[in-house]
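Please work through the exercises below with the sequence and the model side by side, trying each task before reading its solution.

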Amino acid sequence: SRGGVLCAALSLVSAWYWFVDPMDPFSTSMGAVVGLTLFVFIVAVDIATIAIASRVVDLLITQGTALEEVLKEKEVLLYEVNHRVKNSLQLVSSMLLLEGSKISESEARLAVMEARDKVDLVARLHQLLYASGTHDRVDLKAALQDIVNHLMLSAGRDDVSVECSFSGDLFID
């Protein structure tokens, strides 16, 4: 800012000496005073604009750094939440497996194991959503193929085959 003021002062003196009235350097005529006043006004507005812009840029840089830190914290928290959801689903699945192994009645045991398979499917879907790397889009093609394969495995059906056919990518928001 001081450099700008010094440059403006030197420009004012140069303009007054060489350009305002070349025949009468440092003239104090009415035309010279009006011209120099206009010059001072324009330079003052320019210096003020540059100073304000500089402060705004500094503020934006500071806020940009703060926003980057907030985004990093958000990503860490999102990772932690997803990890906890995964662990919780695994815990429920394991508890159902343990409880199912204690049940002697086959129909009741089958019901508990089916519930476990459903919890595992939810965990698998969560993993697909989480593993995509983006939290705003899902590769539906990969998700459907994985779900169908998992359902076939959990159903224990070797006599059924399912073929998934897609043309191109299939992403949903």
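## Exercise 1: A charged pair in a helix

At 21% relative accessibility, Arg116 counts as partly exposed, and the model in which this value was computed is a predicted one. Determine which residue forms a salt bridge with Arg116, and how many residues apart the two partners are in their helix.

Solution. Begin with the general principle that side chains of opposite charge can pair when their charged atoms come close. The partner of Arg116 is Asp120, and the closest N and O atoms of this pair are 3.9 Å apart, which satisfies the cut-off of 4 Å for a salt bridge. Next, consider the position of the two residues: both belong to helix α3 (residues 106-131), where they are 4 residues apart and therefore separated by about one helical turn. Because an α-helix has 3.6 residues a turn, residues three or four places apart point the same way. Finally, compare the accessibilities with the limit of under 20% for buried residues: Asp120, at 19%, is buried, whereas Arg116, at 21%, is partly exposed.

## Exercise 2: Two further salt bridges

The structure holds 4 salt bridges; describe the one formed by Glu99 and the one formed by Lys74, giving the partner and the distance for each.

Solution. Glu99 forms its salt bridge with Lys102, with 3.6 Å between the closest N and O atoms. These two residues lie 3 residues apart in helix α2 (residues 30-102), so about one helical turn separates them. Glu99 is partly exposed at 43% relative accessibility, while Lys102, with a relative accessible area of 62%, is exposed. Lys74, for its part, meets the side chain of Glu75 in a salt bridge with an N to O distance of 3.9 Å. Here Lys74 is partly exposed at 46%, and Glu75 is likewise partly exposed at 41%.

## Exercise 3: Helix spans and packing

For α2 and α3, compare the span between the end C-alpha atoms with the span expected at 1.5 Å a residue, and then state which elements their buried residues pack against.

Solution. Helix α2 has 73 residues and reaches 107 Å from its first C-alpha to its last, which is close to the expected 108 Å. For the 26 residues of α3 the expected span is 38 Å, and the 36 Å between its end C-alpha atoms agrees with this. Turning to packing, the buried residues of α2, among them Leu36, Val43 and Leu89, pack against α1 and α3. In α3 the buried residues are Val112, Val119, Asp120, Leu121 and His126, and they pack against α2 and α4 (140-155).

## Exercise 4: The whole chain

Is the protein chain more spread out or less spread out than a compact globule?

Solution. First list the elements: the chain has 4 helices and 2 strands, which run α-α-α-β-α-β from the N terminus on. The radius of gyration is 37 Å, well over the 16 Å that the globule rule gives for 173 residues, so the chain is more spread out than a compact globule. As a further description, the C-alpha atoms fill a box of roughly 115 × 40 × 20 Å along the principal axes, and buried residues make up 11% of the 173 residues.

Notes
Residues numbered from 1 in each chain as written. Predicted model: local features only at pLDDT ≥ 70, side-chain atom pairs only at ≥ 80, totals over all residues. Heavy atoms only, no water. Buried < 20%, exposed > 50% of the residue type's maximum accessible area, 1.4 Å probe, protein only. Expected span 1.5 Å × (residues − 1). Contact = heavy atoms within 4.5 Å. Rg over C-alpha atoms; globule rule 2.2 N^0.38 Å.
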